[in-house]
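Student: I have a model open and want to go through its sheet, a few loops and the aromatic rings. Can you take my questions one by one?

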Amino acid sequence: MSANRMVLDNQEAYLRGTEMELMERLLPLNDCRVLELGCGSARITRRLAQAHPDCHFIATEVDSVQHEKNLGNTAGNISFRLEGAQSIGEPDQSVDVVLMLKSLHHVPGSVMPQAMSEVARVLKPGGIAYFSEPVYQGEFNALMSLIHDEKHVRELAFKTIQSLSERDDMELLGQYFLNVPGLYDSWESFESRFLNITHTQLKIDKPRYRQIKTAFMEHMGPRGAEFLKPHRIDLLRRRNIR
């Protein structure tokens, strides 16, 4: 963990584990309001909501196709909304925790600063912003780069979070580097999750498709294709300024 200054990557600091384990350790998930921005299928938020029935979760998504799927699979303490991070429909200082789980680098660069202003606006004093972003290194990243090379947008996301941490009303609590185990039992399961998507228009011709599949199959073993997926978690808090 680094608490003094933000870094894009720290090869010496990686731990192995899951996001759920880290979030349960770092976040104040008791009788709180939690907002996830860019929730996708809200896989982790659904698990958190089940584990913390005393909390209320708001999960937003800009992909209308995925949003309709989410509305068809609701939970009692989750509200799904179709909206972007740059225009959050929550009142000022009304949220205890904001989550962005590998979603900030999908926000258009032109509105990333506005999205950070919105995060700061809706957080209560003492509220926590938890940003999880994939790190541009390792075998899984090399595979994903064949689908869509995100080096530039991930660096832009990092700089945007860094700018948020430099605001007078925000402070950096720390950074955590996590290698998350990933297992895909077949090419079809990987393809379904990462190629058959609706939130981003991929431009993959037949030669590139074959290249991606070949690269994936090189990792196949008895259990499937196994990876360690590097993540950086930036943890910020809104200051209690009077």
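Student: How many of the five residues of strand 2 are buried?
Tutor: Four of the five are buried, so strand 2 is mostly covered (buried means under 20% relative accessible area, exposed over 50%, partly exposed in between, with a 1.4 Å probe and protein chains only). Helices (H or I, at least four residues) and strands (E, at least two) are DSSP runs, numbered from the N terminus. This is a predicted model, in which local features need pLDDT of at least 70, side-chain atom pairs count only at pLDDT 80 or more, and totals for chains, interfaces and linings use all residues. Residues are numbered from 1 along each chain as its sequence is written, and side-chain values use heavy atoms, with hydrogens and water left out.

Student: Which way do strand 2 and strand 3 run, and how many bridges join them?
Tutor: They run parallel, with five bridges between strand 2 and strand 3 (residues 56-61). Two strands pair if DSSP finds at least two bridges between them. One bridge partner of Leu35 is Ile58 in strand 3.

Student: What unit do strand 2, helix 2 and strand 3 make?
Tutor: A right-handed β-α-β unit. Right-handed means that, with the strands pointing away from the viewer, the path from the first strand over the helix to the second runs clockwise.

Student: And what joins strand 2 to strand 5?
Tutor: Three bridges join strand 2 (residues 33-37) to strand 5, and these strands run parallel. In strand 5, Leu35 has Val98 as its bridge partner, and Glu36 has Leu99. From strand 5 the chain goes through helix 4 (residues 112-122) to strand 6, in a right-handed β-α-β crossover.

Student: How many bridges join strand 5 to strand 6?
Tutor: Six, between strand 5 (residues 95-101) and strand 6 (residues 123-134), which run parallel. Val98 has Ala129 as its partner in strand 6, and Leu101 has Ser132.

Student: How many of the residues of strand 5 are buried?
Tutor: Seven of its seven residues are buried.

Student: Zoom out. What is the strand order in the sheet?
Tutor: The order is 1-7-8-6-5-2-3-4, in an open sheet of eight strands with mixed pairing. Strand 1 (14-16) and strand 4 (78-82) are the edge strands, each pairing on one side only. The twist averages 20° from one strand to the next (axes are lines fitted to C-alpha atoms, for helices over the stretch in contact, and angles run from 0 to 180 degrees between N-to-C directions).

Student: Which strands does helix 5 lie across?
Tutor: Helix 5 (residues 139-147) lies across strand 7 (170-184) and strand 8 (225-238), at about 95° to strand 8.

Student: Where is Pro181?
Tutor: Pro181 is in strand 7. It counts as partly exposed, at 39% relative accessibility. Leaving aside neighbours within four places in sequence, Pro181 is in contact (heavy atoms within 4.5 Å) with Arg16, Gly17, Phe227 and Leu228. Pro181 and Leu228 are 47 residues apart in sequence, but 4.7 Å apart C-alpha to C-alpha.

Student: New topic, loops. What is the phi of Ala42?
Tutor: Positive, about 60°, although Ala42 is not a glycine. Most residues other than glycine have a negative phi. Ala42 lies in the loop between strand 2 and helix 2 (43-51).

Student: Is Ala42 buried or exposed?
Tutor: Buried, at 0% relative accessibility. Gln93 has a positive phi too, near 50°. Gln93 sits in the loop between strand 4 and strand 5, and counts as partly exposed at 40% relative accessibility.

Student: Now the rings. How many aromatic pairs are there?
Tutor: The count is 12 aromatic pairs. Rings of Phe, Tyr and Trp (its six-membered ring) pair if their centres lie within 6.5 Å; planes under 30 degrees apart count as stacked, over 60 as edge-to-face and the rest as tilted.

Student: Why does the pair of Trp187 and Phe190 count as tilted?
Tutor: Their planes are at 35°, so the pair is tilted, with ring centres 5.8 Å apart. Both residues lie in helix 7 (residues 187-194), three residues apart, about one turn of the helix. Trp187 is buried at 4% relative accessibility, and Phe190 is buried at 0%.

Student: Which residues do ring pairs link into a cluster?
Tutor: Phe140, Tyr184, Trp187, Phe190, Phe194, Tyr209, Phe216 and Phe227.

Student: What lies over the face of Phe140?
Tutor: Lys229, at 5.1 Å from the ring centre (a charge sits over a ring if NZ of Lys or CZ of Arg is within 6 Å of the ring centre and within 35 degrees of the ring normal).
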